[in-house]
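Please look through the structure shown here, beginning at its ligand and moving outward from there.

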Amino acid sequence: MQVIRADHAGFCFGVQRAVELARSATKDSDRVATLGELIHNPEILEELNARGVRTIAAISKIHDGVIVIRAHGISQKKLTAIKKKKIKIIDASCPFVKKIHAEVAKLSVQKIPVVILGRRGHPEMRAVVEDFPGVEVVQKIALKRLQKFAGQQIGVLAQTTESPENFEKLLTALDQVGAKIISQNTICGATLDRQKAASKLARKVDAVVVVGGKKSNNTKKLFELANKIKPTFWIENESEIQKKDFVKFNKVGVTAGASTPEKTIERVCRTLKKL
Ligand code: SF4
């Protein structure tokens with residue numbers, strides 16, 4: 001089978017940096033932990049765990065050693081609580097995620113309500129809402145729900161991993177209800193590159209394989225985009241490839257979320273080529 005890779009796929013700058021910071025932390029301490037999963041990729045989490053990096057669920061479980069703040073960022077509230085413990089903090093929050101926190105803070109000082117296109121339960125959005133509970137995270141764009149912003153000035157942002165099409169839809173919907181919009185497109189460049197490359201790839205092949213963690217929002221967006229164009233399969237690794245799914249295809253495209261390591265993408269490509 002012919003296998004074509006997307007022009008942009010796999011690890012982004014923010015994930016690469018977070019993983020490297022966590023790896024290097026283990027050289028200096030055997031008490032390294034992350035509050036929540038560092039990134040949404042099971043294979044990398046297993047590797048870090050083997051190096052001694054623990055994933056902990058609550059600040060109350062941290063007593064000593066080093067804490068690595070994950071790529072999805074953290075609320076000031078939680079950061080302040082960690083600082084009180086006098087633990088060494090390594091901040092691996094992606095700068096693009098921090099930009100969203102800074103923009104929300106600016107708008108809040110001006111008492112401008114904020115709407116963010118994103119997934120409410122996602123750690124990136126949870127961290128923002130912990131500091132700014134009034135922020136409205138919009139997952140589904142429904143005019144009825146946005147009516148309350150009629151005539152109001154509002155700040156509109158997007159989770160870093162959203163799609164530009166959905167962001168445009170949200171802006172259009174808010175415009176329709178008569179909101180006065182101050183918008184900042186905070187979708188990160190790595191997300192945009194991967195999304196554009198996934199759509200371009202899908203047009204060239206018979207089917208697409210998207211490789212990435214099932215909790216990864218940017219991987220989910222790649223799947224949704226490609227699936228609109230060609231039959232698409234979302235897998236975490238090569239063990240999920242089923243020969244019967246691919247018998248009718250000659251040319252398969254492979255793309256991967258921003259938290260998928262190169263070695264997984266290569267194994268998936270090798271497995272597909274042998275079908
Ligand atoms: S996807 Fe974008 S925001 Fe998220 S870690 Fe990568 S570069 Fe940062």
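In this predicted model, the ligand is surrounded by 15 residues, of which the closest are Cys 12, Gly 14, Cys 94, Thr 160 and Cys 188. Helices α1, α4 (95–109) and α8 each contribute at least two residues to this shell, and the largest share, three residues, is supplied by α1. Sorted by class, the shell around the ligand holds 10 nonpolar and five polar residues, and no charged ones.

One of the helices that contribute to the shell, α8, can be followed in greater detail. Helix α8 runs over residues 189–204, and its 16 residues reach 23 Å from the first C-alpha to the last, which is close to the 22 Å expected at 1.5 Å a residue. Which residues of α8 are buried? They are Ala 190, Thr 191, Arg 194, Gln 195, Ala 198, Leu 201 and Ala 202, and because they cover an arc of only 130 degrees around the axis, they lie on the same side of α8. As background to such a pattern, an α-helix has 3.6 residues a turn, so residues three or four places apart point the same way. The face of α8 turned away from the buried side carries the exposed residues Gly 189 and Arg 203, whereas the buried residues of α8 are covered by elements that include β1 (2–5), α1 (13–28), β10, α9 and β12 (251–256).

Two of the covering elements, β10 and α9, also frame the next position to consider, since Ser 216 lies in the loop between β10 (207–211) and α9 (217–229). Is Ser 216 buried or exposed? Ser 216 is buried, because 25 other C-beta atoms lie within 10 Å, where 20 or more suffice for that label. When its neighbours within four places in sequence are left aside, Ser 216 is in contact with His 40, Asn 41, Gly 257 and Ser 259. Val 156, by comparison, is 60 residues from Ser 216 in sequence and 23 Å from it in space, C-alpha to C-alpha.

At the level of the whole chain, the domain assignment gives domain 1 (2–10 + 190–273), domain 2 (13–95) and domain 3 (97–183). The C-alpha centres of domain 2 and domain 3 lie 28 Å apart, and 11 residues of domain 2 are in contact with nine residues of domain 3. On the side of domain 2 that touches domain 3, the largest share, three residues, comes from helix α3 (residues 76–83), and that side comprises three nonpolar, six polar and two charged residues.

How values were computed
Residues are numbered from 1 along each chain as its sequence is written. This is a predicted model: local features need pLDDT of at least 70, side-chain atom pairs count only at pLDDT 80 or more; totals for chains, interfaces and linings use all residues. Domain bounds come from an automatic or database domain assignment. Two residues are in contact if their C-beta atoms, placed from the backbone, lie within 7 Å. Helices (H or I, at least four residues) and strands (E, at least two) are DSSP runs, numbered from the N terminus. Ala, Val, Leu, Ile, Met, Phe, Trp, Tyr, Cys and Pro count as nonpolar, Asp, Glu, Lys and Arg as charged, and the others, Gly among them, as polar. A residue is buried if 20 or more other C-beta atoms lie within 10 Å of its own, exposed if 12 or fewer, and partly exposed in between; C-beta atoms are placed from the backbone. The expected span of a helix is 1.5 Å times one less than its number of residues. The arc is that of the directions from the helix axis to the C-beta atoms. A residue is near a molecule or strand if its C-beta atom, placed from the backbone, lies within 6 Å of it.
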